[in-house]
Amino acid sequence: MLPLSGVRVLDFSRVLAGPYCTMLLGDMGAEVIKIEEPTRGDETREWGPPWAGDPADRMSAYYVSANRSKRSVTLNLKSDEGRAIARELARTAQVVVENFKPGTLAQYGLGYADLAALNPALVLCSITGFGQTGPYSAQPGYDFVIQALSGMMSITGPADGAPHKVGVAITDV
């Protein structure tokens, strides 16, 4: 039996930092339910090449690699029905992971206070680039921005050239 067997995780995250986090939880046995936006899902579904599968039903290898061992459901969090389903899922979860800008889930009535009222033992993990408060908290925390601000880009690429992004989204990972 894996260490997180019996743990349910609601994954409201997208792109890489959050999906990688919940992928690791799934690898350790957690049941991960990925919540995706209904019109296109996680935008990395369209990021390729490389592609996995046959041309008729191909999937982005990027998406598949960061979202293995998960079940997916689409919910429109802007609708009453979508929010009601999210609340019902939260009642039976032990963990919620999200990587929206601070306050986004609260705008939908799905912030920590809202969900903890339904499930007091719930753990909410919020992945942000700049934290929940402070002068940059509302800014998106894209990997290349963090690489630049941290100085990491100054040590990559040609010695006499401009800063270069590291090939892998290392700060997301």
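**Exercise 1. Strand pairing**

In which sense do strand S6 and S7 pair, and over how many bridges?

*Solution.* Start with the ground rules. This is a predicted model, in which local features need pLDDT of at least 70, side-chain atom pairs count only at pLDDT 80 or more, and totals for chains, interfaces and linings use all residues. Residues are numbered from 1 along each chain as its sequence is written, and side-chain values use heavy atoms, with hydrogens and water left out.

Next, the terms. Helices (H or I, at least four residues) and strands (E, at least two) are DSSP runs, numbered from the N terminus. Two strands pair if DSSP finds at least two bridges between them.

Now read off the pair. Strand S6 covers residues 95–98. S6 and S7 run in the parallel sense and share four bridges. Within that pair, glutamate 98 has serine 126 of S7 as its bridge partner.

**Exercise 2. The whole sheet**

Give the strand order of the open sheet and identify its edge strands.

*Solution.* Step one: the order is S5-S2-S1-S6-S7, five strands with parallel pairing. Step two: the edges are strand S5 (70–74) and strand S7 (123–126), each of which pairs on one side only. Step three: the twist. Neighbouring strands are turned by 20 degrees against each other on average, direction ignored. Axes here are lines fitted to C-alpha atoms, for helices over the stretch in contact, and angles run from 0 to 180 degrees between N-to-C directions.

Step four: look at one more pair. S1 and S2 are also parallel, over four bridges. Arginine 8 stands opposite glutamate 31 of S2. Five of the six residues of S2 are buried (under 20% relative accessible area, 1.4 Å probe, protein chains only), so the strand is largely enclosed by the rest of the structure.

**Exercise 3. Helix H1 on the sheet**

Which strands does helix H1 touch, and what covers its buried residues?

*Solution.* First, the packing. Helix H1 (residues 17–27) is in contact (heavy atoms within 4.5 Å) with strand S1 (8–11), strand S2 (31–36), S5 and S6. The direction of H1 makes about 165 degrees with that of S1.

Second, the buried set. In H1 it comprises Ala17, Gly18, Pro19, Thr22, Met23, Leu25 and Gly26. Their cover includes S1, S2, helix H2 (61–66), S5 and S6.

Third, tyrosine 20, which also sits in H1. Tyrosine 20 is partly exposed (20% to 50%), at a relative accessible area of 25%. Beyond its neighbours within four places in sequence, tyrosine 20 contacts Ala66 and Val173. Tyrosine 20 and threonine 92 are 72 residues apart in sequence and 22 Å apart in space, C-alpha to C-alpha.

Fourth, the end of the helix. Just after H1, glycine 29 takes a positive phi of about 105 degrees.

**Exercise 4. Backbone exceptions**

Find where the cis peptide bonds lie, and which residues other than glycine have a positive phi.

*Solution.* Begin with the background. Most residues other than glycine have a negative phi, and most peptide bonds are trans.

Take the cis bonds. One joins glycine 48 and proline 49, with omega about 0 degrees. Another joins proline 49 and proline 50, with omega about 5 degrees. Proline 49 is in the loop between S2 and strand S3 (51–52), and proline 50 belongs to that loop between S2 and S3 too.

Take phi next. Valine 15 has a positive phi of about 70 degrees. Valine 15 lies in the loop between S1 and H1 and counts as buried at 17% relative accessibility. Serine 69 has phi near 60 degrees. Its place is the loop between H2 and S5.

**Exercise 5. The chain as a whole**

Summarise the chain's elements, extent and burial.

*Solution.* Count the elements: six helices and seven strands. Along the sequence they follow β-α-β-β-β-α-β-α-β-α-α-β-α. The C-alpha atoms fill a box of roughly 55 × 45 × 35 Å along the principal axes. Of the 173 residues, 32% count as buried. Finish with contacts: among those between residues at least 6 apart in sequence, 59% join residues at least 24 apart.
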